[in-house]
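Please open the structure in your viewer and keep the selection tool at hand, since each stop on this tour begins with something to pick out. The tour goes from enclosed space to open space, then to the packed interior and one chain.

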Amino acid sequence: MSNDQQRSTFTLDGRRIPFTPGQTIMDAALAAGVYIPHLCHKPGYAPHGSCRVCVVRADGRELSACTAPAAADMSVESEVADIRALRVAVLQMLFAEGNHVCPACEASGNCTLQAVAYHCGMLTPRFPQRFPRRAVDASHPDVILDHNRCILCELCVRASRDHDGKRVFAVSGRGITSKLIVDAPSGRLGDTDFSAEDAAAHVCPVGAILPRDEAFRVPIGQRRFDLAPVSRVGDVALDPDAEVLAADAESEVLA
Amino acid sequence: MNMRAEPPVGQKVRVATASLAGCFGCHMSVLDMDERILDLVERVDFDRTPLTDIKTLGPCDLGLIEGGVANAENVEVLREFRRQCKVLVAVGACAVTGGIPAMRNSVPLAEVLDEAFVHGMGLVNPGIPDDPELPLLLSQVHPIHEVVRVDYFLPGCPPSADAIWSLLTAVLEGGALHLTWAQLRYD
């Protein structure tokens, strides 16, 4: 059988997406240059399925695109009104759970959580704010850890374990008290072998793991997500259709 | 840009605004719509706002609230706005989420007051102000939707003049708020 014949397709919002057996809906969509909003997913990392932002409806069932395998002739809906509303609700829970004070955050403009919320048109966190009081860990000379912004995506856990071979991070606790911990008897990041050169220092999609001495260096208007929506500059390989989006980005109606 | 929903002849839309635990930056951003304000005042009358001298609020079509809720007077003013305004809008990050003032929620109120008025550096006549004329601080700063029902949320610190213009258009037309990608910002 030729390679072509082995490739099946499914439809995503009416568009045919080719996939190879074993690929998830997310893998296939990203490979085809189609953006599905996501936070805990990163190509090259094991799927996690915690953020639920990549919810899609496949053959009538809501599921996470990053963990659901693609199947031949499956019909997947993503950018439709009610799925968008589900995503906004998930984002509102994340924003209300932590202290996401974007106006005072060094990651603003470079934050995937914020950019995905823009993409989904979130106007308000809506829910009562939890205002957690978690201690900031500033024990490391090069990196600060602010647990009040952490969304428990475990990208740093996976990066440290699978890419850096260090296992610096883990998530501990149950329910709403779950939190990111570091592997040191003191519990302090400064007492681990964590380094600013580690992959884990650069995967955080929010402002929880922050490099020191780099704050506010990029002028407003030139930050990563000032220039273009996350649907274009995320980790998606741009395709010709994405260029059309670029031209319309300024006037694209979101909310 | 035109506001397509014209109010009934001889009747202007009545607008009130207030700053609670705000910095007046959102009001400055309203003024930042520049000459469009001239279009606006042909269509609206202002009731109580920091821009007029009206002390008590009357019945209004639209209330714009800047700032979160940090003290007892904020609660009183906000409830009065909700009673008098048909449509109430949370304008800016503080009204929408609590904003930067809510960063004090990570410190117990007693410690905040102690640092500012009792044991802080350079204090000449230390002591927490206790005149009953002064509104008491709440133990935490809250977004306004935790106190009253809110009809529209306009994020941004501050929202841009363009975003405020989109909001006014939406409210005056009675429709949903549609912001463009360039207008939707939280920072």
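Begin by selecting helix α4 of chain B, residues 92–97, which with three residues gives the most to the lining of the largest cavity. Bear in mind from here on that this is a predicted model. To see the rest of the wall, add A:His100, A:Val101, A:Pro125, A:Gln129 and B:Thr97, which lie nearest the centre of the largest cavity among the 22 residues that line it. If you colour the lining of this cavity by class, 14 residues come out as nonpolar and eight as polar, while no charged residue is found there. The space in the largest cavity comes to about 210 Å³, and the structure holds five cavities of 30 Å³ or more. Rolling a probe the size of a water molecule over the atoms is what shows where such empty space is left.

Next, move to the largest pocket, in which about 1,300 Å³ of space lies. Select A:Ala107, A:Ser108, A:Asn110, A:Cys111 and A:Phe225, the closest to the centre of this pocket out of the 49 residues that line it. Then highlight β10 (209–211) and α6 (224–227) of chain A, the elements that give two or more residues to the lining of the largest pocket. Colouring by domain is useful at this stop, as the lining of the largest pocket draws at least three residues from each of domain 1 (1–132 + 217–248) and domain 2 (134–215) of chain A. Colouring by class gives 28 nonpolar, nine polar and twelve charged residues in the lining of this pocket.

Now turn to the packed interior. Which residues touch the most other members of the largest nonpolar core? Among the 94 residues of that core, they are A:Leu39, A:Leu91, A:Leu113, A:Phe169, A:Phe194, B:Phe81 and B:Ile144. Helix α6 of chain B, residues 161–173, gives the most to this core, with nine residues, and the core also draws at least three residues from each of domain 1 (1–132 + 217–248) and domain 2 (134–215) of chain A.

Centre the view on A:Phe169 and show its contacts, leaving aside neighbours within four places in sequence: they include A:Leu145, A:Val157, A:Leu180, A:Val182, A:Phe194 and A:Ile209. Apart from the largest core lies another, of 21 residues, which you can find by selecting A:Ile17, A:Ile36, A:Val56 and A:Ala70 among its members.

For the last stop, show chain B alone. Its six helices and seven strands follow the pattern β-α-α-β-β-β-α-β-α-α-β-β-α along the sequence, and its C-alpha trace spans about 60 × 35 × 30 Å along the principal axes. Of the 187 residues of chain B, 48% count as buried, and of its contacts between residues at least 6 apart in sequence, 77% join residues at least 24 apart.

Within this chain, select B:Cys26, in helix α1 (residues 25–31) of chain B. Is B:Cys26 buried or exposed? B:Cys26 has a relative accessible area of 10%, and because this is under 20%, B:Cys26 counts as buried. Not counting residues up to four places away in sequence, B:Cys26 touches B:Glu66, B:Val91, B:Gly92, B:Pro158, B:Pro159 and B:Ile164. Finally, set a distance label from B:Cys26 to B:Gly122: the two are 96 residues apart in sequence and 32 Å apart in space, C-alpha to C-alpha.

Conventions. Residues are numbered from 1 along each chain as its sequence is written. Chains are lettered from A and ligands numbered from 1 in the order in which they are written. This is a predicted model: local features need pLDDT of at least 70, side-chain atom pairs count only at pLDDT 80 or more; totals for chains, interfaces and linings use all residues. Side-chain values use heavy atoms; hydrogens and water are left out. A nonpolar core is a set of buried Ala, Val, Leu, Ile, Met, Phe, Trp, Tyr and Cys residues joined through side-chain atoms within 4.5 Å. Buried means under 20% relative accessible area, exposed over 50%, partly exposed in between (1.4 Å probe, protein chains only). Helices (H or I, at least four residues) and strands (E, at least two) are DSSP runs, numbered from the N terminus. Domain bounds come from an automatic or database domain assignment. Contact means heavy atoms within 4.5 Å. On a 1 Å grid over the protein atoms alone, a cavity is a set of points where a 1.4 Å probe fits but cannot get out, and a pocket is an open set with protein on both sides within 12 Å along at least five of seven lines; lining residues have an atom within 4 Å of a point. Grid points are joined across faces, edges and corners, and a volume is the space filled by probe spheres set on the points. Ala, Val, Leu, Ile, Met, Phe, Trp, Tyr, Cys and Pro count as nonpolar, Asp, Glu, Lys and Arg as charged, and the others, Gly among them, as polar.
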